[in-house]
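Colleague: Could we go through this structure together? I should like to begin with the place where the chains meet.

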2 protein chains.
Amino acid sequence: MVIQTTRRISAMQQIDHIDLETLSALGRGCAVLGTGGGGDVGSPLVAVAHALKERGPVPVVRLEDLPADALIAPLSGIGAPTVSVEMLPGEAEVHRLRAEAERFMGRPLAAVMSSEIGGSNGVEPVLWASLLGLPLLDADGMGRAFPEVQMVSMHVAGLPVNVVILADLAGNVTTIQPLDGNWSERIARAVCVAGGATALMADYVITAAQAKGAVIEGTVTRAVELGRATVGVADPLSSLTEALGARSLVTGKIVDIERRTGGGFVRGSVVIEEIGGRDTTPGRLVRIEIQNENLAVFEDGDLLASVPDLISVVDTQSALAISTESLRYGQRVTVLAWPCDPLWRTERGLEVAGPRAFGYAIDYVPVEEIGARLV
Amino acid sequence: MVIQTTRRISAMQQIDHIDLETLSALGRGCAVLGTGGGGDVGSPLVAVAHALKERGPVPVVRLEDLPADALIAPLSGIGAPTVSVEMLPGEAEVHRLRAEAERFMGRPLAAVMSSEIGGSNGVEPVLWASLLGLPLLDADGMGRAFPEVQMVSMHVAGLPVNVVILADLAGNVTTIQPLDGNWSERIARAVCVAGGATALMADYVITAAQAKGAVIEGTVTRAVELGRATVGVADPLSSLTEALGARSLVTGKIVDIERRTGGGFVRGSVVIEEIGGRDTTPGRLVRIEIQNENLAVFEDGDLLASVPDLISVVDTQSALAISTESLRYGQRVTVLAWPCDPLWRTERGLEVAGPRAFGYAIDYVPVEEIGARLV
């Protein structure tokens, strides 16, 4: 198998459907791209596998396969992962959400897209596509996971958010026509918390023509590739690190976790002590700060990596990614960091999801530049 | 002028438009029916008067004037009165709300109704009707004011809430299709708080046929009558008390107020010490408990009146009603209480807005029965 270290996928390698084998790889890849968030992938996998067994593989399409006016619904779960991991994905919500999206747009949907490829939000769209009998678009709105509603490529690309639709587990459907992306986060978060802190959401409903340049293409294929890189190889960690083009920031043991759920988010920090290095001196201490996702990594006050670059905590042996709500004291982990999609490095991209968008008074430095400096 | 002590209005007395004179009476009457809530009437009166001067009187229609399938939008402001009293009513929100209501229903609105006749929510619909060029229905959804979204006659009558639409001052429009009335309150309140703690709301959009038996008719006329009863008379308090068919619970001075704004509500209590009675003994102390509206009146632990019956604090001299956010230490006031619409005394009515719906572990006793007992 050929693994690419860049994000560009050639036409030959693009997957054209999700079956049971692909699903398993997709799950592992999405966990890595989740950078700790987007929901634990383990929880929806059973339901998605059941759907694939029942209704067959889900077709995967590319933008160029769709007519210009075809409607795409970018879908995701919204809420604190500590809550959504406890909730089984329901079937009724997605039908309610589709009905409302089609009522709002006045015509039928043509495809489902993952709003964020990271975590369970990269996996569950396969279930939703299967339930709705629609293809899945080989693209997403982040190329990773981010905690807030407005942190999507469509917003960075300047597409006004026409609609945000939430369907909660109780059966409520709420349709928001927000003034802008920031309002979409504020109101959708409030609706999500009021409806039980977890809901199914369509953030925008867009045409294929609008999606061009405003979504990150090829990320379903990319996630499957990353998942495949960790299976059947002698050294999964090296294989994954190479496939990602990542820097390894530290290999060690989790020695401290502080984590709380509130306002619809998981927030906190985790400290990793290096092991396996210079064995007579105390190990380096590396701290990761979290808001659903891993946001920034510090060592002795120095920044090692930050959003929008991707930071993932993986099991050192299996290279399986560990979500922020599954981090436990004593786990042996490696912290990987790698460059985000170029879209996030534009001025507007950094405005939306750079360190300052998360309250850090630091300037963004691309992870590969920090690496070059440290070496 | 003939004042009726019952809520039934004969056809002869029904008003057929709101002009400047009627508006002034409407404002005073709505303040009384607001039982302390529904927003201070003073704040919107200028804007409504300006609209009437500019575009002429607003026609008032009855259900029987409308075709069975005519669409009625019950409108109100939602939020803490302490916030909304600071905000001038805007014009853009009601146009945005109408556009969304018509999009949702697929056809044009025929009339505007006040969701609650009490307080500014009984007055502002005149402005909204004027701005939209629609008639105002001589009816409302409470016959008074209540603090929560589901506390409307349509809900008591068993009409499933098809839609709740909120338009906030920032420009966001949110459309909720709630599972039931309780969810409508929970989600609408969250959206309201997220959007700045005040918003314009359509709670249900109903046809004239659905409205029959599910709205409280004649309440615009009733409010105008009550307002007229306090002007140009020697003893406004007696005239109002008679027009209401009310009991006077205490006349005295406000000696204590505790009031806070949070979660979209004003909550607290006010204590009134009787004056003008037995002059050598200490005056009786009467306590009113508040959640936007006056909910219950106690004296030495005994209930004197409670929701859903109406409790209004009025200025002892002028008989002008005082809203809960305008209560001040030292004000000379009289507390009046009178029977609610029979709809609120049904089993379902008491479930929705009886004392237990507000967290009081007491059984409802009609105010006239408590009165008979005390006498």
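Modeller: A term is needed beforehand: two residues are in contact if their C-beta atoms, placed from the backbone, lie within 7 Å. This is a predicted model, in which local features need pLDDT of at least 70 and side-chain atom pairs count only at pLDDT 80 or more, while totals for chains, interfaces and linings use all residues. Residues are numbered from 1 along each chain as its sequence is written, and chains are lettered from A and ligands numbered from 1 in the order in which they are written.

Colleague: How many residues does the contact take from each chain?

Modeller: The contact takes 18 residues from chain B and 18 residues from chain A. On the side of chain B that touches chain A, strand S7 (173–177) and helix H7 (181–194) each supply at least two residues. H7(B) gives the most, with 7 residues. Helices (H or I, at least four residues) and strands (E, at least two) are DSSP runs, numbered from the N terminus.

Colleague: And how do the residues on that side of chain B divide?

Modeller: They divide into 11 nonpolar, 6 polar and 1 charged. Here Ala, Val, Leu, Ile, Met, Phe, Trp, Tyr, Cys and Pro count as nonpolar, Asp, Glu, Lys and Arg as charged, and the others, Gly among them, as polar.

Colleague: Do S7(A) and S7(B) run parallel or antiparallel?

Modeller: They run antiparallel, joined by 5 bridges; two strands pair if DSSP finds at least two bridges between them. A:Ile176, for example, has B:Thr174 as its bridge partner in S7(B).

Colleague: What rotation superposes chain B on chain A?

Modeller: A rotation of 180° with 0.0 Å of shift along its axis does so, with an RMSD of 0.0 Å. The two copies are therefore related as by a two-fold rotation axis. The superposition is by least squares on the C-alpha atoms of residues with pLDDT of at least 70 in both copies. In chain B, the C-alpha nearest the axis belongs to B:Thr175, 2.4 Å from it.

Colleague: Turning to the sheet in chain A, what is its strand order?

Modeller: This open sheet of 7 strands has the order S15-S14-S13-S12-S11-S17-S16, with antiparallel pairing. Strands S15 (302–306) and S16 (310–315) of chain A stand at the edges with a single partner strand each, so one side of each is left without a neighbour in the sheet.

Colleague: How many bridges join S14(A) to S15(A)?

Modeller: There are 4 bridges between them, and A:Glu299 has A:Asp302 as its bridge partner in S15(A).
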